[in-house]
Amino acid sequence: MGFFDRLKNSWKIFKLSFSLLKKDKSLIAIPVLMLLSFLFLFGTFGTLFFVYKLESNYIFNIIFLFIMYFVMVFLAAAQSWMIYEVFKGKNTTIGSGFNRALKNFGDIFAFVITIILIRIFSSWLRGKGRAGEFAGGFINYLTRLAGKLVLPAMIITERNFKESVSQLKDSIKAIPEIATYEIGIRSLTGLVFFISIIISFLFGSAFGFIIGLVLFIILICLMILLSVYVNVTYYTLLYLTLIEKKKIKELKLYIK
C-alpha cells in the first residue's frame with residue numbers, strides 16, 4: 001500500500017465526516033454545547049480568579065482544570081457515540097449520546113484524572129530548562145493524540161479505560177492517516193482563520209467596524225464548531241475503520 005493511498009484514506013475519512021453531518025444534523029448539537037460550556041466555565045472561573053486573586057491557588061487551578069476537562073471529554077464521548085449510531089444507519093439524539101457517556105462515567109473519570117496527572121507532570125518538566133520544555137511539550141502532544149483514539153475505544157466498544165489504553169499499540173498501523181490529518185487537514189483551520197480576518201476586514205471597511213467585528217465573531221464561532229465536530233468525527237471513524245476494521249459502504253479504504 002503506497003504513500004498516496006494512505007493520503008487518500010485520510011481525505012476519504014475527512015469527507016465522510018461531513019457526509020454524516022448531512023445525514024443527521026443533530027451531530028452538530030454537541031459541538032455547540034462544547035462551545036457554550038467552554039465559554040460559561042471560562043467566564044465563571046475567570047471571574048472568580050480575578051475577583052478573589054487566586055493566581056497562586058494551585059487547588060483552584062486543578063479544580064478548574066478537572067471540571068473543564070471532564071465536561072469537554074464527557075461531551076466528546078457523547079459525540080463519539082452519536083457518530084457511531086449514524087455510522088450504523090440509526091437516527092441519533094443528544095439523549096442517546098448522554099446516556100452512553102453516563103454509562104461510561106467511571107472510564108471518563110479515569111481518563112480525565114490520567115490526562116490531568118500527565119499535564120501536571122509535563123508542566124513540571126517544562127520548568128527544567130530547554131530539554132525539559134521540549135520533553136514536556138512532546139508528552140502533551142502524544143497524550144492528546146492518544147486520547148483521541150482511547151475515547152472512541154471506551155465509548156463504542158465494551159472496553160474499559162485500561163483496555164482501551166492497551167489497544168493503542170494497534171494504532172501504529174494508522175500513523176500515516178493520523179499524521180496526514182494532524183499535519184495537513186488540521187492546518188486548514190489556520191487558513192480559514194486567516195480568510196475570516198480578511199473577510200471581516202473588508203466588511204468592516206465597507207459597512208463599519210461593528211459589522212466587521214460581529215461578522216468576525218460569527219465566522220470564528222462557525223470555524224470552532226466545525227473544527228470540534230470534524231476532530232471528534234475523524235478520529236471516531238478512523239478508529240472504527242482502521243483499528244476495529246469495521247466496513248462502511250460509502251468508504252472504501254486502502255487497508256493492508
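**Charged networks, ring pairs and a nonpolar patch**

Glu-182 is buried, with a relative accessible area of 9%. In this predicted model, that residue makes a good starting point for a tour of the charged pairs. As a general matter, side chains of opposite charge can pair when their charged atoms come close. Four salt bridges were counted in total, and two of the partners of Glu-182 deserve a look in turn.

The side chains of Glu-182 and Arg-144 form a salt bridge, in which the closest N and O atoms are 3.6 Å apart. Because Glu-182 belongs to helix H8 (residues 175-185) and Arg-144 to helix H6, this pair ties together parts of the chain that are 38 residues apart in sequence. Arg-144 itself is partly exposed, its relative accessible area being 32%. Glu-182 also meets Lys-148 in a salt bridge, with an N to O distance of 2.9 Å. Here too distant parts of the chain are linked, since Glu-182 sits in helix H8 and Lys-148 in helix H6, 34 residues apart. Through shared partners, Arg-144, Lys-148 and Glu-182 are joined into one network of salt bridges. Within that network, Glu-182 and Lys-148 are both buried.

Another salt bridge joins Arg-100 to Glu-158, where the closest N and O atoms are 3.6 Å apart. Arg-100 is located in helix H4 (residues 94-103), whereas Glu-158 is in the loop between H6 and helix H7 (161-166), so the bridge ties together parts that are 58 residues apart in sequence. The two ends of this bridge have contrasting surroundings: Arg-100 counts as buried because its relative accessibility is 9%, under the 20% limit, while Glu-158 is exposed because its relative accessible area of 67% is over 50%.

Helix H6 (residues 129-156) also holds Thr-143, which counts as buried at 15% relative accessibility. The side chain of Thr-143 reaches back to the backbone oxygen of Ile-139, at 2.7 Å. Beyond its neighbours within four places in sequence, Thr-143 is in contact with Ile-115 and Ile-118.

A second threonine invites a similar reading. Thr-241 lies in helix H10 (residues 209-243) and, at 2% relative accessibility, counts as buried. A polar atom of the Thr-241 side chain lies 2.7 Å from the backbone oxygen of Leu-237, and the side chain of Thr-241 also reaches the backbone oxygen of Leu-238, at 3.5 Å. As for longer spans, 39 Å separates the C-alpha atom of Thr-241 from that of Arg-130, a residue 111 places away along the chain.

Attention now turns to the aromatic side chains. A pair of aromatic rings is described by the distance of the centres and the angle of the planes. The count of aromatic pairs comes to 18. One of them is the edge-to-face pair of Phe-14 and Phe-18, with 5.3 Å from centre to centre and 85 degrees between the planes. These two residues are separated by about one helical turn, because they are four residues apart in helix H1 (residues 3-23). Phe-14 counts as buried at 12% relative accessibility, whereas Phe-18 is partly exposed, with a relative accessible area of 29%.

A tilted pair is formed by Phe-45 and Phe-64, whose ring centres are 4.9 Å apart and whose planes stand at 55 degrees. This pair links distant parts of the chain, with Phe-45 in helix H2 (residues 29-51) and Phe-64 in helix H3 (residues 58-87), 19 residues apart. Phe-45 counts as buried, at 12% relative accessibility, and Phe-64 is partly exposed, with a relative accessible area of 21%. Elsewhere, ring pairs link Phe-66, Phe-70, Phe-74, Phe-98, Phe-105 and Phe-109 into a cluster.

Finally, the surface carries a nonpolar patch with about 1,100 Å² of accessible area together; among its members are Leu-188, Phe-194, Ile-198, Phe-203 and Ile-211. Helix H9 (residues 188-207) gives the most to this patch, contributing ten residues. Ile-198 is found in helix H9 and counts as partly exposed, at 39% relative accessibility.

Terms used:
Residues numbered from 1 in each chain as written. Predicted model: local features only at pLDDT ≥ 70, side-chain atom pairs only at ≥ 80, totals over all residues. Heavy atoms only, no water. Buried < 20%, exposed > 50% of the residue type's maximum accessible area, 1.4 Å probe, protein only. Polar contact = N/O pair within 3.5 Å; in protein donor to acceptor, adjacent residues only side chain to side chain. Contact = heavy atoms within 4.5 Å. Patch = residues over 30% accessible without salt bridge, like charges linked within 9 Å, V, L, I, M, F, W, Y side chains within 5 Å. Areas by Shrake-Rupley, 256 points an atom, 1.4 Å probe, with all protein chains shown as cover. Phe/Tyr/Trp six-rings, centres within 6.5 Å; stacked < 30°, edge-to-face > 60°.
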